[in-house]
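Please open the model in your viewer and keep the selection panel at hand. The stops below go from the whole chain to single residues.

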Amino acid sequence: MIRTCRALADAGHSVHLVGGAVRDLVRGAPGLVPESLEWDMATSATPEKVMDLFPRTVPTGVKHGTVTVIAPGGRTIEVTTYRGEGGYTDGRHPDSVRFVSDIEADLARRDFTINAMALDPGSGALLDPYGGRTDLDAGVLRAVGDPQERFNEDGLRPLRAARFAAVLGLDPASGLVQAMAAATGVFARVSAERKRDEILKMMGASRPSRGLRMLEQAGYVRLLFPGLEKTVGVKQGGWHEHDVWDHTLLCVDNCPAADPRLRVAALMHDAGKPATAQADEGEARTRFHGHEKVGARMAEAWLADLRFRREDQEWICRVVRHHVVMYTPAWTGAAVRRFINRVGEKTVGAVLTLAMADVRAQGRSGHLVPLAEELGRRVREEIIGGAALSIGDLVVNGDDVMVHLGIPPGPEVGRILSRLLDEVLDDPAKNTRDVLLALASRLHGGPEEG
Ligand code: ATP
Ligand code: MG
């Protein structure tokens, strides 16, 4: 980083450190390792000059002035030419990018005061024309200039506001949430990928609920996840102390921050409740029969619209689909193995983590926590013990069955394999070649299902 700064300075350009790394340095983020910071640099050098100056560069966003410099160790540094504010008419991109020569004009076009600070790498002086440091110390998120104008220029900024509030634990300055609410019209024009990336970053916060609540208050939940806003005010009764929305937020916060996808699943896990609500026990509690299936379908549509990676879409929907776990200690080993088989070995850990977060977010079901722990223990024992949990774990495969029975490939082979798995889930001792092939002979041509 220092070498990159020096190279620019030696060539006669002005250069400053900006962005998230400066923010983290100023707030003295806990556990901060300066070497691991992702550096954003701003410079008076044009993108062409930057590309001339360094042997390895990537023209990441040359139109907007950004070049990625690959430092000798392989670290990357985003170097962006000082920019002034061009006009924004589409709420997405400035109509024209205007390069400027000084850092002050560049800071003026940034979104929030905490993001409008710059460090002079030569003197170590902090440039902070909008009071970002004071706002960070006071825990306030404030727009540079008029929030309404800033949000109307770029429809992503309201979502960034929620993200920064959550990740940095900031409270919105007065008027900020109202300005967000008045900018929803611009939001539709923002690309799905940019929205998705902000959501995933927000989910890495220790408590994403702070940002999610802002989004709900400003009317963005219905734009991002249509139908989820209907969970607000849906009473549940029974073990639930909270309405569906408040419960959802607690559940998100209860999930580990290390897995943003699981937080997304938590956000969506009860989305099907408003559509399935039915009063029970004289209105004292509400039943939500099949809400996990309805929720999984809603999640599928949202995740596709937001361009989540296909494997993440499938994984999240699967977790939502299976989040209702009706465990009792009466479950046999076979029941535990069937549960793992149904949920899938790749998702069962996440389902159990979500189930635990879910129970802890209900308010009146502390007695269920030991049960969730017990199921987790039993699932781990089955997996570590090497029990067969899917067709791939059987000691015979489709070829073995076809050769043994003298039958061609076809649905009959799959039917037999899944019946064999049934038998082995019940009794793992049956997972031997002799037993399974004998069973296959009996099943072939035998009764259909049942
Ligand atoms: P992080 O890297 O943790 O996402 P960051 O603040 O570094 O946070 P970047 O997207 O890397 O965010 O952008 C670097 C800087 O560019 C920001 O700190 C901000 O000053 C400015 N910036 C980024 N996106 C916008 C935007 N949509 N509107 C205005 N300024 C922005
Ligand atoms: Mg950054």
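Begin with the whole protein chain in cartoon view, where 23 helices and 13 strands can be followed; helices (H or I, at least four residues) and strands (E, at least two) are DSSP runs, numbered from the N terminus. This is a predicted model, in which local features need pLDDT of at least 70 and side-chain atom pairs count only at pLDDT 80 or more, while totals for chains, interfaces and linings use all residues. Residues are numbered from 1 along each chain as its sequence is written, chains are lettered from A and ligands numbered from 1 in the order in which they are written, and side-chain values use heavy atoms, with hydrogens and water left out.

Along the principal axes, the C-alpha atoms of the protein chain fill a box of roughly 85 × 60 × 40 Å. Of its 450 residues, 49% count as buried, where buried means under 20% relative accessible area, exposed over 50%, and partly exposed in between (1.4 Å probe, protein chains only). Among the contacts in the protein chain with a separation of 6 or more, 65% are between residues 24 or more positions apart; contact means heavy atoms within 4.5 Å.

**The strands near the N terminus**

Select residues 15–18, strand β1, and show the side chains: Val-15 and Leu-17 on one side, and His-16 and Val-18 on the other, are all buried, and both faces of the strand are covered. Add β2 (40–43), which pairs with β1 in the antiparallel sense over four bridges; two strands pair if DSSP finds at least two bridges between them. The bridge partner of Val-15 in β2 is Thr-43, and Thr-43 also stands opposite Thr-81 in β5. The pairing of β2 with β5 is parallel and runs over four bridges.

Now move to β4 and β5, which pair in the antiparallel sense over five bridges, with Thr-66 and Thr-80 as bridge partners. These two strands form a hairpin with five residues between them, and Gly-74 in the turn has a positive phi of about 100 degrees.

**The largest pocket**

Where should you look for the centre of the largest pocket? Select Asp-40, Glu-78, Arg-160, Arg-163 and Lys-201, which are the closest to its centre of the 46 residues that line it. The space in this pocket is about 1700 Å³. On a 1 Å grid over the protein atoms alone, a pocket is an open set of points where a 1.4 Å probe fits, with protein on both sides within 12 Å along at least five of seven lines, and lining residues have an atom within 4 Å of a point. Helix α7 gives the most to the lining, with six residues. By class, the lining has 13 nonpolar, 13 polar and 20 charged residues.

**The nonpolar cores**

Keep α7 (residues 157–168) selected, since this helix also gives the largest share, seven residues, of the largest nonpolar core. That core has 95 residues, and among those with the most contacts inside it are Leu-141, Leu-212, Leu-215 and Phe-225; a nonpolar core is a set of buried Ala, Val, Leu, Ile, Met, Phe, Trp, Tyr and Cys residues joined through side-chain atoms within 4.5 Å. Centre the view on Leu-215, which touches residues including Pro-158, Leu-159, Ala-162 and Tyr-220, not counting residues up to four places away in sequence. A second, separate core of 19 residues includes Leu-394, Leu-417, Leu-439 and Leu-443.

**The second largest pocket and Trp-239**

Next select Trp-239, Val-324, Val-325, Met-326 and Gln-362, which lie nearest the centre of the second largest pocket, among its 30 lining residues. The volume of this pocket is about 890 Å³. Trp-239 itself is found in the loop between α12 (221–224) and α13 (244–254), and is partly exposed, with a relative accessible area of 46%. Leaving aside neighbours within four places in sequence, Trp-239 is in contact with residues including Gln-362, Arg-364 and His-367.

**Two further loop residues**

Arg-307 lies in the loop between α16 and α17 (310–321), and its phi is near 60 degrees, a positive value in a residue other than glycine. Finish at Ala-257, in the loop between α13 and α14 (260–268), which touches Met-203, Gly-204, Ala-205 and Arg-263, not counting residues up to four places away in sequence.

Technical notes
Grid points are joined across faces, edges and corners, and a volume is the space filled by probe spheres set on the points. Ala, Val, Leu, Ile, Met, Phe, Trp, Tyr, Cys and Pro count as nonpolar, Asp, Glu, Lys and Arg as charged, and the others, Gly among them, as polar.
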